[in-house]
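This report describes selected features of a protein structure: its enclosed spaces, one open pocket, an aromatic contact and the packing of a helix. The structure is shown below.

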Amino acid sequence: MTMGEGAARAEISGLREEARALFARAVQAADPALALRRALETAPFPLAPGRQIVIAVGKAAVPMVAEALRHLSPEAEVILVTNYENAASLPDGFGRVQVFASGHPVPDENGLRAGQAVITALNGAGADDRVIALISGGGSALLPAPVEGVSLADKAEVNRLLLAGGLDITQMNLIRQNLSQLKGGGMLRLAAPAPVSAWILSDVIGDDLRTIASGPTVAPLGGRAAAGDILRKAGLWEALPASVRAHLSAAEEESPPPMAALNLLIGSNRQSLEAIRDDAGHPVVIMDQPLTGDVGAAAETILAAAEQAAPGACLIWGGETTVTLRGDGKGGRNQELALRVALGATRISRPWVFLSGGTDGRDGPTDAAGGLVDTGSAARMRGSVDPEALLANNDSNKALAASGDLLITGASGTNVADVQILLIG
């Protein structure tokens with residue numbers, strides 16, 4: 001290896017370390033306990049002549065409840081629903097909390113039991129009680145409560161179709177809302193006449209409260225007809241279970257709207273990007289256009305920005321792309337985005353590093369948060385695999401594993417969508 005080659009490798013190694021550090025800062029900025037603590041300084045939990053009923057659901061439910069217990073009445077009734085990975089980190093002092101660990105991204109029987117427990121608690125609320133909701137991303141799958149006539153297996157099949165169909169998060173959650181007793185304002189309807197207050201950590205770009213965890217404390221995104229239109233345009237209608245087609249084809253049910261909740265946003269993807277910018281120690285550009293929609297188009301956006309970037313540039317995005325499954329490989333949207341950038345980056349003249357990661361620490365049905373690729377990634381892959389063939393089979397996990405480019409962080413206990421970081425040498 002020549003001195004020039006050694007210097008280039010050292011530069012890439014340094015850029016990779018920096019990308020990891022910047023991503024860690026984004027995750028740290030989304031710490032759910034700190035976000036809730038800050039929010040409670042100005043908007044404390046409401047007191048009640050009756051009971052405090054706390055429903056915490058999402059990938060950040062554990063740290064949110066850990067902080068909430070410091071502020072709640074000792075008699076508060078708490079139900080916590082989170083994913084298996086994050087439930088494994090339950091701290092001491094949760095003896096008075098009813099805990100459910102359930103499936104994500106595909107709902108399971110434990111989630112069904114959790115949904116029934118939440119419905120029972122809300123149905124028992126009276127006018128003197130106060131319902132407190134602690135909501136974070138992942139709640140759509142973690143808390144299934146199918147409408148009458150639709151089974152859990154039917155809901156799981158719908159979820160599978162939605163995840164493979166290339167729909168964005170807003171479209172998917174509109175459909176989920178129309179198949180659930182809890183989503184799309186369902187918590188409000190079940191809790192009435194008890195008032196509801198919600199503290200929300202956003203995993204959705206743009207922070208539309210109707211979309212985060214499918215909006216259990218806000219009005220729905222749309223009705224059954226809108227859900228049916230989306231499914232037909234996506235070519236998924238005929239593949240749906242018959243019970244789901246029947247429900248979405250039935251007339252909308254008339255019901256008076258419940259009392260509006262007090263909804264408070266306590267953390268978001270944008271706040272994490274700003275934390276990277278403010279703490280990096282050098283100029284960082286937050287790209288105004290988030291990376292949403294088709295993962296291939298997102299990769300082209302990144303590559304075009306890389307071609308125009310000046311030496312030493314640091315560009316960051318937030319987003320949540322979509323992948324249309326055409327093969328049977330294993331991966332996730334962040335891994336596929338990283339792989340696409342690695343394969344398309346031959347036109348970038350300077351050394352570069354690109355990271356795409358989910359702030360929850362998990363990308364698709366894998367143990368990786370995403371991918372961290374660089375100038376030499378494509379060549380390293382081709383030493384043992386055919387990365388283009390793996391990409392065609394949606395097998396980004398195998399391709400990135402071959403080049404040593406999987407981003408492994410473990411479950412983070414938070415979730416504010418995805419972060420992308422591009423560093424130019």
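What volume does the largest cavity have? In this predicted model, the largest cavity has a volume of about 60 Å³. A search of the whole structure finds 2 cavities of 30 Å³ or more, and the second largest has a volume of about 40 Å³. The two are set out in the table.

| Cavity | Volume | Lining by class |
|---|---|---|
| Largest cavity | about 60 Å³ | 6 nonpolar, 1 polar and 1 charged residues |
| Second largest cavity | about 40 Å³ | 3 nonpolar, 2 polar and 2 charged residues |

The residues lining the largest cavity are Val57, Gly139, Leu143, Leu182, Lys183, Met187, Ala213 and Pro216. The second largest cavity is lined by Pro107, Ser140, Ala141, Pro144, Lys155, Asn159 and Arg176. Two elements, α6 (139-142) and α7, each give two or more residues to the lining of the second largest cavity.

**The second largest pocket**

Among the open spaces, the second largest pocket has a volume of about 750 Å³. Its lining comprises 27 residues, of which Ser180, Arg189, Arg224, Glu253 and Ser255 are the closest to the centre. By class, the lining divides into 9 nonpolar, 11 polar and 7 charged residues. Helix α9 (residues 186-191) supplies the largest share of this lining, namely 4 residues.

**The aromatic pair**

The search of the whole structure yields 1 aromatic pair. A pair of aromatic rings is described by the distance of the centres and the angle of the planes. For Phe45 and Trp199, these values are 4.9 Å centre to centre and 80° between the planes, and the pair is edge-to-face. Distant parts of the chain are linked by this pair: Phe45 lies in the loop between α2 (32-42) and β1 (52-57), Trp199 lies in strand β5 (residues 196-201), and the two are 154 residues apart. Both Phe45 and Trp199 are buried.

**Packing of helix α11**

In helix α11 (residues 242-249), the buried residues are Val244, His247 and Leu248. Viewed down the axis of α11, its buried residues fall within an arc of 90°, and therefore they line one face of the helix. An α-helix has 3.6 residues a turn, so residues three or four places apart point the same way. The buried residues of α11 pack against two other helices, α7 (152-164) and α10 (224-233). Helix α7 thus appears in two settings: as a packing partner of α11 and as a contributor to the lining of the second largest cavity.

How values were computed. Residues numbered from 1 in each chain as written. Predicted model: local features only at pLDDT ≥ 70, side-chain atom pairs only at ≥ 80, totals over all residues. Heavy atoms only, no water. Buried < 20%, exposed > 50% of the residue type's maximum accessible area, 1.4 Å probe, protein only. Arc of directions from axis to C-beta. Contact = heavy atoms within 4.5 Å. 1 Å grid on protein atoms, 1.4 Å probe; cavity = no way out; pocket = protein on both sides within 12 Å on 5 of 7 lines; lining within 4 Å. Points joined across faces, edges and corners; volume = space filled by probe spheres on them. Nonpolar A, V, L, I, M, F, W, Y, C, P; charged D, E, K, R; others polar. Phe/Tyr/Trp six-rings, centres within 6.5 Å; stacked < 30°, edge-to-face > 60°.
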